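User: I would like to go through this structure step by step, with the reasoning behind each answer spelled out. Could we begin with what surrounds the ligand?

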Amino acid sequence: MQINENFLKIQSSYLFSNIAKKVNAYSAAHPDKEIIRLGIGDVTRPLAPACIKAMHDAVEEMAHAETFHGYPPEYGQDFLLEAILENDYRARGVDLQKSEIFVSDGAKSDCGNIGDIFSLENRVAVCDPVYPVYVDTNVMAGRAGDKTENGWSNIIYMPCTAENHFLPEIPTEHVDLIYLCFPNNPTGMPIKKAELQKWVDYANREGAVILYDAAYEAFITEADVPHSIFELDGAKQCAIEFRSFSKTAGFTGVRCGYTVVPHDLKFGETELNALWARRQATKFNGVSYITQRAAAACYTPEGKQQIRDTIAYYQNNARVIYEGLRDCGFTVYGGTNSPYVWLKTPDNMGSWAFFDLLLEKIQVVGTPGEGFGPSGEGYFRLTAFGSAENTVRAVERIKAYFGK
Ligand code: MLT
């Protein structure tokens, strides 16, 4: 027997598991301290009442032989696919077919699994800092090469720092797979249509595929920021899009998302859609009927309103964090089109040192920028997904400690 040795190359634990371990150890040693967690982007508001009602109704259907559902259709229930097409795409002028949508248990799994349909020889480019799943899954697959001082030898890192307004620069060399996430995790920064169009044009020129993570699109507030990459000319020929109900509708614990693989996206005569369909049908057995009913309820008039209200609640938290830290003298980014605020650590402090300081001195948990890649060093992420009360208290603690 041999194991997949790529797993030995990678840090034994996932970024957010590491942070949870550190915080739990601190909590065990200091049971009297009340910790405010603004680290992992996990939602705290309950599900929309429209989703809850849809789930109750679906449970009732499951209770009777006449309305019971066994295995769900592999790629999603028709009622959900229709609702997605109508609301997330046609409403924005994008025409897609049901067979181009694949409902799944979330964008994280799909972003990680999509590598199955690509050769290990492909050259991968990622933003730096970056959501760790894109890199770690390429390491596991054996596409990342070896770990060096500057990251993985076969991965092209595109630094996103204050100097370039957190927008990656188009590579000067050929790449095959480009992971983009906008509004960005972790920096919270959006990309405008004109900028994203440059990436679509580059990918079409190079025969590359853009793997576009749009998990945070519900937080977009500015008009010229695209909600979907398919709003751009030529994107159907070069892009796959990942969408999630987690941050949009509080489904982090329910699990539902979807991936769009257009029929126009081809390698020679082969549609990538067919490869992903084959992969999903073989390794995934669909999302539960109850969950898909809840997801479809997000698109009803009541559901839409309830979800908008919850997003507004988190957006207000983002504003509280952004303005509070700015007034305290921090340099802050993001937060306007995103639930994440990205800040420069004071006095160029290392991001893990800043993490320890906040945890130990004021019991506020965030995510160290370095955990997202080398260019995240010197930055720190706070999420707006906490409760409004805790968000205000966390900002008050930071203000009191850093003193303005
Ligand atoms: C994050 O904190 O970056 C996200 O919650 C991670 C995720 O969505 O998996």
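User: How many residues of the shell around the ligand are nonpolar, how many polar and how many charged?
Analyst: The model is a predicted one, and the answer starts from the list of residues that surround the ligand. That shell consists of F16, I40, G41, K108, Y131, N185, Y216, K247, Y340 and R381. Sorted by the character of their side chains, the residues of the shell are five nonpolar, two polar and three charged.

User: Where does the ligand lie with respect to domain 1 and domain 2?
Analyst: Domain 1 is made of 5-46 + 302-402, and domain 2 covers 52-300. Because both of them give residues to the shell around the ligand, the place of the ligand is between domain 1 and domain 2.

User: What is the distance from a polar side-chain atom of R381 to an oxygen atom of the ligand?
Analyst: Several side chains of the shell bring an N or O atom to the ligand, and each can be taken in turn. For N185, an N or O atom of the side chain is 2.9 Å from an oxygen atom of the ligand, and for K247 a polar side-chain atom also lies 2.9 Å from a ligand oxygen. For R381, the distance from a polar side-chain atom to an oxygen atom of the ligand is 2.7 Å.

User: How much of the accessible area that the ligand has on its own does the protein cover?
Analyst: Polar contacts such as the one between R381 and a ligand oxygen, at 2.7 Å, describe single pairs of atoms, whereas the covered area describes the ligand as a whole. On its own, the ligand has 260 Å² of accessible area. The part of this area that the protein covers is 86%.

User: Is N185 buried or exposed?
Analyst: N185 lies in the loop between β7 and α7, and its side chain makes a polar contact of 2.6 Å with the side chain of R381. The relative accessible area of N185 is 4%, and since a residue under 20% is classed as buried, N185 is buried.

User: Which residue is joined to P183 by a cis peptide bond?
Analyst: As a general background, most peptide bonds are trans. P183 is found in the loop between β7 (177-181) and α7 (193-206). The peptide bond that leads to P183 is cis, with omega near -10°, and the residue it comes from is F182.

User: What is omega for the peptide bond that joins D128 and P129?
Analyst: P129 has its place in the loop between β3 (124-128) and α6 (132-141). The bond that joins D128 and P129 is a cis peptide bond, and its omega is about 10°.

User: What is the phi of H165, and is H165 buried or exposed?
Analyst: Most residues other than glycine have a negative phi. H165, in the loop between β6 (155-159) and β7, is not a glycine and yet has a positive phi of about 55°. With a relative accessible area of 57%, which is over the 50% needed for this class, H165 is exposed.

User: What is the relative accessibility of N348?
Analyst: N348 sits in the loop between β14 (340-344) and α12 (351-362), and although N348 is not a glycine, its phi is positive, at about 55°. N348 counts as exposed, because its relative accessibility is 64%.

User: Which backbone oxygen lies 2.7 Å from a polar atom of the side chain of T391?
Analyst: T391 belongs to helix α13 and is buried, with a relative accessible area of 0%. A polar atom of the T391 side chain lies 2.7 Å from a backbone oxygen, and that oxygen belongs to S387.

User: How far apart are the C-alpha atoms of N390 and I307?
Analyst: N390 is in helix α13 (residues 388-402), and at 25% relative accessibility it counts as partly exposed. Along the chain, N390 and I307 are 83 residues apart, and their C-alpha atoms are separated by 21 Å.

User: What is the radius of gyration of the protein?
Analyst: The protein has 13 helices and 17 strands, and buried residues make up 55% of its 404 residues. Its C-alpha trace spans about 60 × 55 × 50 Å along the principal axes. For a compact globule with 404 residues, a radius of gyration near 22 Å would be expected, and the value for the protein agrees with this, being 21 Å.

How values were computed. Residues are numbered from 1 along each chain as its sequence is written. This is a predicted model: local features need pLDDT of at least 70, side-chain atom pairs count only at pLDDT 80 or more; totals for chains, interfaces and linings use all residues. Side-chain values use heavy atoms; hydrogens and water are left out. A residue is near a molecule or strand if one of its heavy atoms lies within 4 Å of it. A polar contact is a pair of N or O atoms within 3.5 Å; within protein, one must be able to donate a hydrogen and the other to accept it, and residues adjacent in sequence count only if both atoms are side-chain atoms. Accessible areas come from the Shrake-Rupley method with a 1.4 Å probe; for residues, only the protein chains shown count as cover. Ala, Val, Leu, Ile, Met, Phe, Trp, Tyr, Cys and Pro count as nonpolar, Asp, Glu, Lys and Arg as charged, and the others, Gly among them, as polar. Domain bounds come from an automatic or database domain assignment. Helices (H or I, at least four residues) and strands (E, at least two) are DSSP runs, numbered from the N terminus. The radius of gyration is taken over C-alpha atoms; the globule rule is 2.2 Å times the number of residues to the power 0.38. Buried means under 20% relative accessible area, exposed over 50%, partly exposed in between (1.4 Å probe, protein chains only).
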